[in-house]
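Colleague: Could you walk me through this one slowly, one part at a time? I have the picture open.

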Amino acid sequence: MQTENETHYRNFVVELNNRIVGFFNFKQRCHAYIGMIGIDSNYRKRGLARLVLEFSINYLRERNSRTAYLEVRTDNNASISLVESFGFRNIGTRENLMADGCSTYVYSINLK
Ligand SMILES: CC(C)(COP(=O)(O)OP(=O)(O)OC[C@H]1O[C@@H](n2cnc3c(N)ncnc32)[C@H](O)[C@@H]1OP(=O)(O)O)[C@@H](O)C(=O)NCCC(=O)NCCS
């Protein structure tokens, strides 16, 4: 199967009991980019982000993406812990990337 090299994000919502409690998106590419994962603050710490990341990785792997990348603010300990628990590797820092001056860590995972 050919991997699509999408230029736009594929957007998803997380629905629980007819309520939207989260969203996430990614670009399905040979080197895929996971853009954002957000879970409603009332529904955190229940494993939803873990499910979302598992779904995203499986989705991309099944469509022949070779790697997935994402970025996390260096002050976002919850996300750092989440992505590292999946085996994402920190491959660099982008200094002062965010509007407030915060830097981001770039992470990647091999999907092959
Ligand atoms: C980061 C975020 C997506 C986690 O969502 P969640 O559904 O609460 O996460 P889960 O319950 O699936 O937790 C999975 C793992 O994430 C990490 N984690 C989640 N919340 C954490 C916290 N408050 N402190 C430290 N680690 C945390 C842990 O490793 C956790 O595994 P564990 O439960 O075995 O310890 C959520 O806090 C969020 O939406 N934050 C605001 C938006 C954001 O920062 N998005 C990420 C940037 S793309």
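Modeller: Let us begin with helix α1, whose buried residues are covered by parts that include the strands β1 (10-16), β2 (19-27), β3 (31-39) and β4 (67-73), together with the helix α2 (77-85). Please keep in mind throughout that this is a predicted model.

Colleague: Which residues of α1 are buried?

Modeller: The buried ones in α1 are A49, V52, L53, S56, I57 and L60. Looking down the axis of α1, you would find its buried residues within an arc of 125°, so they line one face of the helix.

Colleague: Why would residues spaced like that point the same way?

Modeller: An α-helix has 3.6 residues a turn, and therefore residues three or four places apart point the same way.

Colleague: And what about the other side of α1, buried or exposed?

Modeller: On that other side, R50, E54, N58 and E62 are exposed.

Colleague: How far apart are the end C-alpha atoms of α1?

Modeller: They are 21 Å apart, and this agrees with the expected span, because the 15 residues of α1 (residues 48-62), at 1.5 Å a residue, should also span 21 Å. Just after α1 comes N64, which takes a positive phi of about 70°.

Colleague: Okay, on to the core. Which residues have the most contacts inside the largest nonpolar core?

Modeller: Those are V52, A68, L70 and Y107, in a core that has 20 residues. At least two residues of this core come from each of β2, β3, α1, β4 and β6, and α1 gives the most, with five residues.

Colleague: What does L70 touch?

Modeller: Leaving aside residues up to four places away in sequence, L70 touches I34, V83, F88 and Y107.

Colleague: Switching topic, how many residues surround the ligand?

Modeller: There are 19 around the ligand, and the closest are R44, A49, A78, S81 and L82. The elements that give two or more residues to this shell are β3, α1 and α2, and α2 gives the most, with six residues. Sorted by class, the shell has eight nonpolar, seven polar and four charged residues.

Colleague: Last one: where is D100?

Modeller: D100 sits in the loop between β5 (89-94) and β6 (104-110). D100 counts as exposed because 7 other C-beta atoms lie within 10 Å, and the cut-off for exposed is 12 or fewer. As for H31, which is 69 residues from D100 along the chain, the C-alpha atoms of the two are separated by 28 Å.

Note on methods
Residues numbered from 1 in each chain as written. Predicted model: local features only at pLDDT ≥ 70, side-chain atom pairs only at ≥ 80, totals over all residues. Helix = DSSP H or I, 4+ residues; strand = E, 2+ residues; numbered from the N terminus. Expected span 1.5 Å × (residues − 1). Arc of directions from axis to C-beta. Contact = placed C-beta atoms within 7 Å. Near = placed C-beta within 6 Å. Nonpolar A, V, L, I, M, F, W, Y, C, P; charged D, E, K, R; others polar. Core = buried A, V, L, I, M, F, W, Y, C linked by C-beta atoms within 7 Å.
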